[in-house]
Protein chains: 4
Amino acid sequence: MPQDLSDIVAEVCRDVQNEIGTGRVADYIPALAKVDPRKFGISIVTCDGKTANAGDADELFSIQSVSKIFTLTLAAEKIGAALWERVGREPTGSAFNSIVQLEHESGIPRNPLINAGAIVVTDVLLEGNGPQQTIDSIIAFLRRRADDDTIQFDPEVARSETETGDRNASLAHFMRGFGNVKGQVADVLHVYFRQCAITMSCRQLARAGLYLAHAGSDPVTGEEVVSEARARRINAVMMTCGHYDASGDFAFHVGLPGKSGVGGGILAIAPRHASIAVWSPGLNEVGNSLVGSLALERLSALTGWSVF
Amino acid sequence: MPQDLSDIVAEVCRDVQNEIGTGRVADYIPALAKVDPRKFGISIVTCDGKTANAGDADELFSIQSVSKIFTLTLAAEKIGAALWERVGREPTGSAFNSIVQLEHESGIPRNPLINAGAIVVTDVLLEGNGPQQTIDSIIAFLRRRADDDTIQFDPEVARSETETGDRNASLAHFMRGFGNVKGQVADVLHVYFRQCAITMSCRQLARAGLYLAHAGSDPVTGEEVVSEARARRINAVMMTCGHYDASGDFAFHVGLPGKSGVGGGILAIAPRHASIAVWSPGLNEVGNSLVGSLALERLSALTGWSVF
Amino acid sequence: MPQDLSDIVAEVCRDVQNEIGTGRVADYIPALAKVDPRKFGISIVTCDGKTANAGDADELFSIQSVSKIFTLTLAAEKIGAALWERVGREPTGSAFNSIVQLEHESGIPRNPLINAGAIVVTDVLLEGNGPQQTIDSIIAFLRRRADDDTIQFDPEVARSETETGDRNASLAHFMRGFGNVKGQVADVLHVYFRQCAITMSCRQLARAGLYLAHAGSDPVTGEEVVSEARARRINAVMMTCGHYDASGDFAFHVGLPGKSGVGGGILAIAPRHASIAVWSPGLNEVGNSLVGSLALERLSALTGWSVF
Amino acid sequence: MPQDLSDIVAEVCRDVQNEIGTGRVADYIPALAKVDPRKFGISIVTCDGKTANAGDADELFSIQSVSKIFTLTLAAEKIGAALWERVGREPTGSAFNSIVQLEHESGIPRNPLINAGAIVVTDVLLEGNGPQQTIDSIIAFLRRRADDDTIQFDPEVARSETETGDRNASLAHFMRGFGNVKGQVADVLHVYFRQCAITMSCRQLARAGLYLAHAGSDPVTGEEVVSEARARRINAVMMTCGHYDASGDFAFHVGLPGKSGVGGGILAIAPRHASIAVWSPGLNEVGNSLVGSLALERLSALTGWSVF
């Protein structure tokens, strides 16, 4: 890396400047629709302790599907390899909330980063716990990882998700019919809609993901969050499945494991180098942050962090 | 028809004798699983007032999906041609509770005789009424059509259906996500599971369907239940869609409009001739009464009632 | 039937007058695209020897998929029930040249009236014969049925079909990969494209189909073409599968077994009454003759010939 | 990497020893079916000039789909970004020769590493050249990359592929119907079946792929084969799409871009480190070399070359 990290971030910001405000903000719930499309933030935390932040890096946004990385981490820790009997790890050719594949494969979702798979992951976390306890433990994990006790979910977003949540209720009932959701659907969705409604800043999110860049352990606290093998495997799933039906495109252009959310956030991991969070609410036609994706493509080119 | 109706029925009974008890009784709920597989009943009511009954023609059974013919009749009367904006009338290549086609066609079920379509039909009946009022009106219609005030649903079956009803809950939420189910899913299923749990005998069922054989009017009471055009169209839908993914096979072998249920009942209509109900709990590999189908094939051959 | 047949035909013609010229003429080959969209013909032959013709009833048109009824008849006569091991008899939810269902069902087409099924039927006819002999025997059958030795195929249409025939070549190779096409693909398509290119008038076509309305035998010559049971079964397949993904709609509106072709022709059978051919080149959005369908709906209403 | 490369290779060989001979050898053509299932070879070439070989590393095998990496390289060089208008770069949830997705996406294959996509890639190479010239240029490229003028295709395998090639003929005609194959199907398949029939040893194959590990240039000759950006992108496509419907699984377990063939070979790229070829004819249930996959998983763990 020939330049200082903050210089690189500044160059990334310049490069995407003209695109900020483009893309289409998610509007299926009012709380997301009203977000200012001109927001853009980026945060980088490196394994050796450097940080760089720019733009709206400290503004809270709805992490939505980015939460799936953290619940996947918790479920893998809870039940280990048994997780992969209930959810696959193959990319899906279908749209992100498609139910077709699910029927074809008898209620086993293709991977834990599509909605159906994440609902199963949440059901795994729920087993033996109440819904309140489960969402509390997810938030507690994020607070610990981000070293920030203020992290919380947005009750208005959670309420809206519940009101418009027929598609996810359908998925959950569908898998329950196959025996692959074991809890009550209302309980599973109680947790699921709240985990999606968690709000974080880019700074918090990049910090929270750092263990995935550092072989499973937190380089600041020294805590082993997951084993090195597990961290690599979570990164592998992010690479092949992290961007719905545009995962191949993200790998092609950015070359880093990443997970996007409809709130406009993306967490990307540069193994052995850094954890990166970007946020910009306007989405491209496949539902990933338009400016966030461009910023990561530029960052990858400038740093040489592409894994390929 | 060269013979007396009761002679024909006797011959049909002889012809299927060796098959009685074969087939697989539906076992997804206990109340259905415990039915004696050796039951077989048949009832015929002709447009000119003749009747013939044989075997267990007076024993009550769970009519299940046969109820879809009657709720279709009621919904068509309630909202007329507007019904066909919410449900199609094309046969489906997929299995009876498939959700694939539904996604492809944006929440509009292929026809009113698959589960998804029947749920929309029930939702139509529910509009402007409470769930209790709706199931009451369905039962009232059947009592009037069968001229028998004892018709009721089986609360044990309704409860079991509810407990194992995740697939139907999934379908209902799925269509509600597209705006094609308008009521609360719990209300729609309250009615739907009760209509499926209605118990009738072959004698009651054949009598209840007679208006479809007689151009829409009841030949006994003279009441016009539906117009002649509507009766013909309901028969057309039964012909092309009445037996899930074996509708073509039923048309090929029997040549009459018909609707089967997993309880082992089939209502068949011989336009201008008769209404026929058969019942035998063992199902063939596509989910229709094995002996009932054979009996109708023989009856059709002996009477020449095939529409082709 | 309260009126004279010619009066009814005149009324049908008046009723559809304003629609003539609407619809979209098939344009995938030049020879079809250049047909005058304002053509409309209708011919009826009754089982008791009456005939009625109107409009362009004597003009030749490309029968296209209507030919599938006649090759089905020949293949059923050639190998009997064994035919149904190579082709199903269920309607298909997919578009008429879809390959999806075919993959799902291991190369066994859903029914003999979609392209894939008709290609298998042609392959059956080809077994033990050369391509030239096979197309000759199909044409000979039609000449005998229509009592008209001038029937022939249009070489220009056959050539165009071949040139644009990649989709059908794909289907044939696909099924050959499963072992369900046994001849060379080039030979099978040689016959298939010629049978589709056969030209007939409404008068010839109605006469040719008369055996299907008269229990399998030709009422004029007394010849038994197929058994009564086989005639009924062919009619059943026409009813459930004869109009691609609009078969349910045709049954709903017309109530007669029928088979359409993209040339704008439709053969409809009123069992025990008559054989009817209509022709008008403009197609509706599902690929069936727009005016032809309307004319049959009116005819069915005026005559009461609907089987329902 | 704590050990010498040859020690690591020896350890890999020990670790997979007990699995050698398991798996199911491809048997759709005789020439593949007769290969000894107990063969196992591995070759590694590092960017800094080290090599390690073990087992049957010098025995020739049919590279089959591994050839898709090299034709992709050539097509990308020939027409640049225009290639991505004719083929996608997303993983597919369907089986490797599925035609379903292709219909859904109007003849544009999901990616260049499934059969349909590779056929389009071959069609790109064919444009402006004859079939003989095209296969010659593919072989010339491989000879140059492997620094070995003996590389050739096996005419017996090519002939067998042609004879059993109905599925690929079907795919090619299907895409030609959409205009996405422009050459004659016979010409495209002439080249395609020969490229699949190319035989190479592990040693040749690892050497041939070295440019992908070394940012696009050959570290031995200094030749820039493709740009660094293009090399990375080809690696990204290998990672997300290289193992049919087990690409996610390969990423999860091995963590390297790779491409398998039904002949039992796999080419894997460790960016900035090495090019690796393994070969063992027994396939696992998803069609990739069983022992080859295990060997790469062990190698990745021992070397730390996983990109994650």
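In the predicted model, Ala158(A) is buried, because 23 other C-beta atoms lie within 10 Å of its own, where 20 or more suffice for that assignment. The residue belongs to helix H7 of chain A, which comprises residues 155-163. When residues up to four places away in sequence are left out of account, the contacts of Ala158(A) are with Phe153(A), Phe193(A), Arg194(A) and Ala197(A). With respect to Thr71(A), from which Ala158(A) is 87 residues apart along the chain, the separation between the C-alpha atoms amounts to 17 Å.

The arrangement of the two copies was examined by superposition. A turn of 180°, combined with a shift of 0.0 Å along the axis, lays chain B on chain A with an RMSD of 0.0 Å. The two chains are therefore related as by a two-fold axis. Within chain B, the C-alpha nearest this axis belongs to Ser170(B), at 2.0 Å from it. As to the interface, 100% of the interface residues of chain B are interface residues in chain A as well, so the copies meet through the same surface.

Regarding confidence, chain A has an average pLDDT of 95, and 97% of the residues score at least 70. For the complex, the predictor reports an ipTM of 0.95 together with a pTM of 0.93. Where pLDDT is low, the predicted coordinates should not be read in detail.

Note on methods. Residues numbered from 1 in each chain as written. Chains lettered and ligands numbered in written order. Predicted model: local features only at pLDDT ≥ 70, side-chain atom pairs only at ≥ 80, totals over all residues. Helix = DSSP H or I, 4+ residues; strand = E, 2+ residues; numbered from the N terminus. Buried ≥ 20, exposed ≤ 12 C-beta atoms within 10 Å, placed from the backbone. Contact = placed C-beta atoms within 7 Å. Least-squares fit on C-alpha atoms with pLDDT ≥ 70 in both. pLDDT = per-residue confidence, 0-100.
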